[in-house]
Amino acid sequence: MDRVRRILKIDDIHKNDILGRDVVTAIFDTGASEHADLSGKVLDFIDFVNHKKNMYDDSGHGTHIAGIIAGSGAVSDGKYMGIAPESRLLVLKCLDYKGNGSIKDAVDAIDFVIQNKKKYNIRIANISIGSELKQNSRGNQILLEKVEELWRNGITVVAAAGNNGPEKGSITVPGCSKSIITVGTYDYGGKYGKVYEFSGRGPTQNCIVKPEILCLGDNIVSLSNRGNGYTRKSGTSMSAPICAGIIALLLEKYPFLTNKQVKYAIYKSCDDVHLDRNIQGWGVINAEKLVLGSSTKKGKL
């Protein structure tokens, strides 16, 4: 995460005392472990898979996601601090130890967030999970409808583009939802950088251009579910929470923004890398320009 923060100039944003303070992100994933870097970060943990009360993660994927967004970096003396270290999390375990899950568990988790939005003051939802369009089409349609409902309830939904690229139409469900912010993976190295082959591409079956944005997502160091350690993971699953964390920073500075305004602000501030729109969307997220360079005024963008 030190490399991520350096490339995206996150530390410069932190120096302006913008740390995602009290912005709440709901994470739909495999859970989260009792890592020291998450101490005081998790408002609640709801297990839709095994219905356990105490927080846990039998996969490690969700813990990694949680650390990317809100990890304090306490164990590493700040080296692996998350993007929005003073933000808060609502952890919804809807995937099992293999990273698999049922449509029912995912829908129940979404319904819980919608019903408890005001209780927890949820502003962002991170969905680093995906299903191929050809699989369980009726179930996928139900999931897409529920994710659209989540967006209509004012929550900024950020989803991974999926790792089924580079073919056209390889965006996974629910990343193919027309309303939400879908994130692919980009390598900032070299003169121009590149989009990783695995990163899902549009268009969707409804001819919607996807993803919206690209971000780092390869070899990301974040929290391990084993003790208080760290581990590396790659994929669009990592790109999405980096963007979610950046949005948490934006919402601390401009708490009045709607999800539509957040999406528009990202569009206006991203860096065009001159690729096909169904590969890059609007371009690469520019955190510094988005959070520090915005001239946003209340009610306007």
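Q: Rings of Phe, Tyr and Trp (its six-membered ring) pair if their centres lie within 6.5 Å. With that in hand, which residues form one aromatic cluster?
A: F48, F112 and Y120 do. A quick note before going on: this is a predicted model, where local features need pLDDT of at least 70 and side-chain atom pairs count only at pLDDT 80 or more, while totals for chains, interfaces and linings use all residues. Residues are numbered from 1 along each chain as its sequence is written, and side-chain values use heavy atoms, with hydrogens and water left out.

Q: How many aromatic pairs does the structure hold, and why is the F48 and F112 pair called edge-to-face?
A: There are eight aromatic pairs. For F48 and F112 the ring centres are 6.2 Å apart and the planes sit at 70°. Planes under 30 degrees apart count as stacked, over 60 as edge-to-face and the rest as tilted, so this pair is edge-to-face.

Q: What makes this pair a tie between parts apart in sequence?
A: F48 is in the loop between β2 (42-47) and α3 (61-70), and F112 is in helix α4, so the pair links parts 64 residues apart in sequence. Helices (H or I, at least four residues) and strands (E, at least two) are DSSP runs, numbered from the N terminus.

Q: Why do Y254 and F256 also count as edge-to-face?
A: Their ring centres are 5.9 Å apart and their planes at 70°, so they get that label too.

Q: Are Y254 and F256 buried or exposed, and how do you know?
A: Y254 has a relative accessible area of 9%, so it is buried. F256 comes out at 31%, so it is partly exposed. The cut-offs are under 20% for buried and over 50% for exposed, with partly exposed in between (1.4 Å probe, protein chains only).

Q: Why is C207 called exposed, and what is odd about its phi?
A: Its relative accessible area is 66%, so C207 is exposed. Its phi is positive, about 65°, although C207 is not a glycine. You'll find C207 in the loop between β7 and β8.

Q: Why is α4 called roughly parallel to α6?
A: The axes of α4 (residues 103-115) and α6 (residues 137-152) come within 10 Å and cross at roughly 10°. That makes the two helices roughly parallel, as angles under 35 degrees earn that name, over 145 roughly antiparallel, 65 to 115 roughly perpendicular and the rest oblique.

Q: What kinds of residues make up the contact of α4 with α6?
A: Ten are nonpolar, two polar and three charged. Among them are I103 and D111 in α4, and N140 and K146 in α6.

Q: What makes K52 and Y56 a charge over a ring?
A: The charged end of K52 is 4.7 Å from the centre of the Y56 ring. The rule wants NZ of Lys or CZ of Arg within 6 Å of the ring centre and within 35 degrees of the ring normal. K263 lies over the face of W151 as well, at 5.6 Å from the ring centre.

Q: How do you know that G235 is buried, and what does it touch?
A: Its relative accessible area is 1%, so G235 is buried. Leaving aside neighbours within four places in sequence, G235 is in contact (heavy atoms within 4.5 Å) with N163, T185, F198 and G217. G235 sits in the loop between β10 (230-233) and α7 (236-253).

Technical notes: Axes fitted to C-alpha atoms, helices over the stretch in contact; angles between N-to-C directions. Nonpolar A, V, L, I, M, F, W, Y, C, P; charged D, E, K, R; others polar.
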